[in-house]
Amino acid sequence: MLVFFSKAATAQQEVKGEKTNVPTITVFVQNDRVKVYEGRFKPGDKSAGMANRPTRVEFAITDGQMRNYYPDGKTEEVMWKAGEVKWSEPATYQQENIGKTELGSGLSN
């Protein structure tokens with residue numbers, strides 16, 4: 001049985017001593033096998049630290065530029081083009097929209 005629901009959340013959150021704008025998340029499907037959701041990052045939005053993100057498929061709804069911050073201090077810039085699909089291995093990091101426009105992405109894990 002599939003469970004369909006929508007949940008949007010925006011908030012200010014403390015992460016490593018700094019205020020961060022948490023992206024808007026809408027969940028479309030979630031069950032014991034899959035979670036499908038959309039994330040919307042406004043320019044400057046930074047997610048809370050994400051520990052042990054599972055393997056997932058990500059797709060861009062809009063163009064954008066993100067920066068990933070890893071626990072070891074490494075950073076990685078990721079460019080997205082609308083319609084692009086990427087496979088992501090499990091990882092622990094924090095994301096920030098470093099572009100000038102809102103980035104919309106869909107995820108399934």
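Start by selecting Asn 68 in this predicted model. Asn 68 has a relative accessible area of 6%, so it counts as buried, the limit being under 20%. Its place is in strand 7, which covers residues 64-69. Now show what surrounds it. Beyond its neighbours within four places in sequence, Asn 68 is in contact with Lys 74, Thr 75, Glu 76 and Val 78. Tyr 93, Gln 94 and Gln 95 are also in contact with Asn 68.

Next, keep strand 7 on screen and add strand 10, residues 91-97. The two run antiparallel and are joined by four bridges. To find one bridge pair, pick Tyr 69 and look across to strand 10, where its partner is Gln 94. As background for this view, strands of a sheet pair through backbone hydrogen bonds, in either a parallel or an antiparallel way.

Now widen the selection to the sheet around these strands. Which order do its strands take? The order is 5-10-7-8, in an open sheet of four strands with antiparallel pairing. At the edges you will find strand 5 (50-53) and strand 8 (75-80), each of which pairs on one side only. If you look at how the strands cross, neighbouring strands of this sheet are turned against each other by 40° on average, with direction ignored.

Time to step back and colour the whole chain by secondary structure. How many helices and strands does the chain have? There are zero helices and 11 strands, so the pattern along the sequence is β-β-β-β-β-β-β-β-β-β-β. Switch to a surface if you like: the chain exposes about 6,700 Å², with carbon and sulfur atoms supplying 55% of that area. Of the 109 residues, 34% are buried. A contact map is a good companion here. Among contacts with a separation of 6 or more, 62% are between residues 24 or more positions apart.

Now for the charged side chains. In general, side chains of opposite charge can pair when their charged atoms come close. How many salt bridges does the chain hold? The count comes to four, and a few of them are worth a visit.

Select Arg 40 together with Glu 38 and Glu 102, which are linked in a network of salt bridges. Between Glu 38 and Arg 40, the N to O distance is 3.6 Å. Between Glu 102 and Arg 40, the closest N and O atoms are 3.2 Å apart. Trace the backbone between the last two: Glu 102 lies in the loop between strand 10 and strand 11 (103-108), while Arg 40 is in strand 4 (residues 35-41), so this pair ties together parts that are 62 residues apart in sequence.

Are the members of this network buried or exposed? Glu 38 is buried, at 17% relative accessible area. Arg 40 counts as partly exposed at 21%, and Glu 102 is partly exposed as well, at 34%.

For the final stop, select Glu 58 and Arg 56. They form a salt bridge whose closest N and O atoms are 3.6 Å apart. Colour the pair by accessibility: Glu 58 is buried at 8%, and Arg 56 is buried with a relative accessible area of 2%.

Technical notes:
Residues are numbered from 1 along each chain as its sequence is written. This is a predicted model: local features need pLDDT of at least 70, side-chain atom pairs count only at pLDDT 80 or more; totals for chains, interfaces and linings use all residues. Side-chain values use heavy atoms; hydrogens and water are left out. Buried means under 20% relative accessible area, exposed over 50%, partly exposed in between (1.4 Å probe, protein chains only). Contact means heavy atoms within 4.5 Å. Accessible areas come from the Shrake-Rupley method with a 1.4 Å probe; for residues, only the protein chains shown count as cover. Two strands pair if DSSP finds at least two bridges between them. Axes are lines fitted to C-alpha atoms, for helices over the stretch in contact, and angles run from 0 to 180 degrees between N-to-C directions. A salt bridge is a side-chain nitrogen of Lys or Arg within 4 Å of a carboxyl oxygen of Asp or Glu.
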